[in-house]
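Here's a quick tour of a protein chain, written for someone who would rather look at residues than at tables. Have the structure open and follow along.

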Amino acid sequence: MKRQRGMALISVLLITTIVLSILANVFYRQNLAQERLFQAMLADQAILIGLSAEDWVSEILIQDKKDSNYDSLNEDWAKVLTSIPVEKGLLSGRLVDLQARVNLNRFTDFKQDTYELARTSPRSDYALLRRLSDLASISLSDAQIDALIDWQDGDEQISGMGAESPEYQLSDMPYRTANGEMISLHELLLVQGYNESVIKMLSPWVILLPRSVRQINVNTAPALVLMSLSEYIDESIAGSLIEIRNEEPWSSKREFYNSLAELLQLDNSEQAADLVRIDEYDPVSVSSDYFRLEIDLQLGGKVFRLESVLHRKIVNNQYRVNVISRLMQIISD
């Protein structure tokens, strides 16, 4: 009888342990499911708030275009938003003018018969990129710029010290040149002569937009980018230009060139334009079409970051803002 009672007690304890283990697993899975649901709801809420912010900013950009024919840093769209209350959270953000930077997609229609002229002329896309890299203390070599040209242009003819598909196909993991526009700066890692360090140094000054977008908004460009427009625009001249636009933004390219002519002690704006103008186009603009919305959203103990590239354009005689790309990520738990 004692042995039977002992076995019964052991059986009860064993069953109890099994039941408790099962219940613990059930509760754990339930809590895990609830946490997953909570995180999914947070993400959905963050996305909805981000989409609302995009719509709100789009209306601001459309109204801005109706109110003026230029874009400057003293307008409403350029104001930084800090700690705006939203449902169970805080939102901060800003709009960045992407045309205040140099568009690196400049060489997709590059012609080899103009290579030598582009490389030696002080007024070419080649010269502009070289000046920018020198001013930013990157100092891209001719070989690096040539490789970028060959990555983007539509042929397989090597530019100077560049590289085309046959060179890349000799690597351990063969690949071909893009022969077109780049979509990410990290694509430069595939281009001969570029590495993470170069990309990091370039990133504050360059952007990747459609190749046709080659004009720089002088109302928003930083001093270093203004200096890259011409070898005649030094740090002192760039600083004076920024002081002028802070007082009164330029509403036309002629106004900008008038200011530049006065600072350089030239006779007229046309002489100033000749120091900046590239063969087939004028690299100066006073307005922009591409912007990036950067939002940080504190929600449920997390910080979500939304980055949206916006394109403002005219469709059927009406201004519209299209979202070109959108990226949301959690940057802090």
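What follows is a short report on a few spots in this predicted model.

## Along helix α1

Helix α1 covers residues 2-67, and I22 is part of this helix. Together with L14 and I18, I22 makes up a nonpolar surface patch, and the three share about 290 Å² of accessible area. I22 itself counts as partly exposed because its relative accessibility is 49%, which falls between the 20% and 50% cut-offs.

S11 sits in helix α1 too. With a relative accessible area of 36%, S11 is partly exposed. Want a feel for distance? Look from S11 to G193: they are 182 residues apart along the chain, and their C-alpha atoms are 72 Å from each other.

## A negative patch

Now for some charge. E243, E247, E248 and E255 form a negative patch on the surface. One of them, E247, belongs to helix α8, which takes in residues 235-247.

Is E247 buried or exposed? Its relative accessibility is 69%, so E247 counts as exposed; the cut-off for that is over 50%.

## A buried aspartate

D125 is in helix α3, which spans residues 125-135. D125 has a relative accessible area of just 9%, so this residue is buried; buried means under 20%.

What does the side chain of D125 make a polar contact with? The partner is the side chain of Y281, at 2.6 Å.

Definitions and conventions: Residues are numbered from 1 along each chain as its sequence is written. This is a predicted model: local features need pLDDT of at least 70, side-chain atom pairs count only at pLDDT 80 or more; totals for chains, interfaces and linings use all residues. Side-chain values use heavy atoms; hydrogens and water are left out. Patches are made of residues with over 30% relative accessible area and no salt bridge: like charges are joined within 9 Å, nonpolar side chains (Val, Leu, Ile, Met, Phe, Trp, Tyr) within 5 Å. Accessible areas come from the Shrake-Rupley method with a 1.4 Å probe; for residues, only the protein chains shown count as cover. A salt bridge is a side-chain nitrogen of Lys or Arg within 4 Å of a carboxyl oxygen of Asp or Glu. Lys and Arg count as positive and Asp and Glu as negative; His and the chain ends are not counted. The place of a charge is taken as NZ of Lys, CZ of Arg, CG of Asp or CD of Glu. Helices (H or I, at least four residues) and strands (E, at least two) are DSSP runs, numbered from the N terminus. Buried means under 20% relative accessible area, exposed over 50%, partly exposed in between (1.4 Å probe, protein chains only). A polar contact is a pair of N or O atoms within 3.5 Å; within protein, one must be able to donate a hydrogen and the other to accept it, and residues adjacent in sequence count only if both atoms are side-chain atoms.
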